[in-house]
Amino acid sequence: MYCPFCRNPDSRVVDSRMADDGSTIKRRRQCPECGRRFSTVETASLSVIKRSGVGEPFSRSKIITGVRKACQGRPVTDDDLAMLAQEVEETIRASGAAELAANEVGLAILGPLQKLDQVAYLRFASVYQAFESLEDFESAIELLRSETPPPGPTSALHGRVPVKASDKAGEPGG
């Protein structure tokens, strides 16, 4: 780490602290040459590899933007979307991978979105999984119904992904 004052290529860490939600470390450093102190912030990078092969930094705001479209007209607040994006990021970071495919981000969104709003979940899944027919929607709805506990104050759902009807064509009974 170069000193920003005298450009000495060495510095000594004086203090380290976690910031934000634990994904950032703030370090106070001192230059052994000029004796001045400065701060650095370290974060673990997470890259998303798109279908084209291009990588870009992970962004919570892109998750919020994509999910907001599915939640249009639904009783979902900006705070709900922020919490969903945080949950998705925590899930992805817990995997320990520095790079992941965009498809994996979409899969990580489905579970929390299903718990947040089932209609928004169906909208997102229909685009994300390229539903092609009414049967695809019917399969997804049946899966939601089979997972939904009886109405009550706490109805948490599981994060299973519905299978498109066209994917079941080769299965017995499908």
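These legends walk you through four close-up views of a predicted model.

**View 1. A small meeting of strands: the open sheet S5-S4-S6.**
Welcome to the sheet, which is open and has three strands in the order S5-S4-S6, with mixed pairing. Strand S5 (55–57) and strand S6 (99–101) form its edges, each pairing on one side only. From one strand to the next, the twist averages 30°. Look next at strand S4 (residues 47–49), which runs antiparallel to S5 and is joined to S5 by three bridges. To find your place along this pair, look for Ser-47, which stands opposite Pro-57 in S5. Helix H3 (residues 102–116) also comes into the picture, packing on the sheet and touching S4 and S6. The direction of H3 makes about 75° with that of S6.

**View 2. Helix H4 passes helix H5.**
Two packed helices are described by the angle between their axes and the distance between the axes. Here, the axes of H4 and helix H5 (residues 134–147) come within 11 Å and cross at roughly 145°. The crossing of H4 with H5 is right-handed. On the H4 side, the contact is made by Gln-118, Tyr-121, Leu-122 and Ser-126. On the H5 side, the partners are Phe-137, Ala-140, Ile-141 and Leu-144. Sorted by class, this contact has six nonpolar residues, two polar ones and no charged ones.

**View 3. A closer look at Ser-126 in helix H4.**
Ser-126 belongs to helix H4, which spans residues 118–128. Is Ser-126 buried or exposed? Its relative accessible area is 15%, and buried means under 20%, so Ser-126 is buried. Leaving aside residues up to four places away in sequence, Ser-126 touches Phe-131 and Phe-137. You may recognise Phe-137 from the previous view, where this residue is one of the H5 members of the helix contact.

**View 4. Two residues with positive phi: Arg-7 and Ala-130.**
Start with Arg-7, in the segment before strand S1 (12–19). Arg-7 is not a glycine, yet its phi is positive, at about 65°. Arg-7 counts as exposed because its relative accessible area is 53%, and the cut-off for exposed is over 50%. Now move to the loop between H4 and H5, where Ala-130 lies. Phi of Ala-130 is near 55°, again a positive value in a residue other than glycine. How accessible is Ala-130? With 39% relative accessibility, Ala-130 counts as partly exposed.

Terms used: Residues are numbered from 1 along each chain as its sequence is written. This is a predicted model: local features need pLDDT of at least 70, side-chain atom pairs count only at pLDDT 80 or more; totals for chains, interfaces and linings use all residues. Side-chain values use heavy atoms; hydrogens and water are left out. Helices (H or I, at least four residues) and strands (E, at least two) are DSSP runs, numbered from the N terminus. Buried means under 20% relative accessible area, exposed over 50%, partly exposed in between (1.4 Å probe, protein chains only). Contact means heavy atoms within 4.5 Å. Two strands pair if DSSP finds at least two bridges between them. Axes are lines fitted to C-alpha atoms, for helices over the stretch in contact, and angles run from 0 to 180 degrees between N-to-C directions. A crossing is left-handed if the near helix is turned anticlockwise from the far one by less than a right angle, and right-handed if clockwise. Ala, Val, Leu, Ile, Met, Phe, Trp, Tyr, Cys and Pro count as nonpolar, Asp, Glu, Lys and Arg as charged, and the others, Gly among them, as polar.
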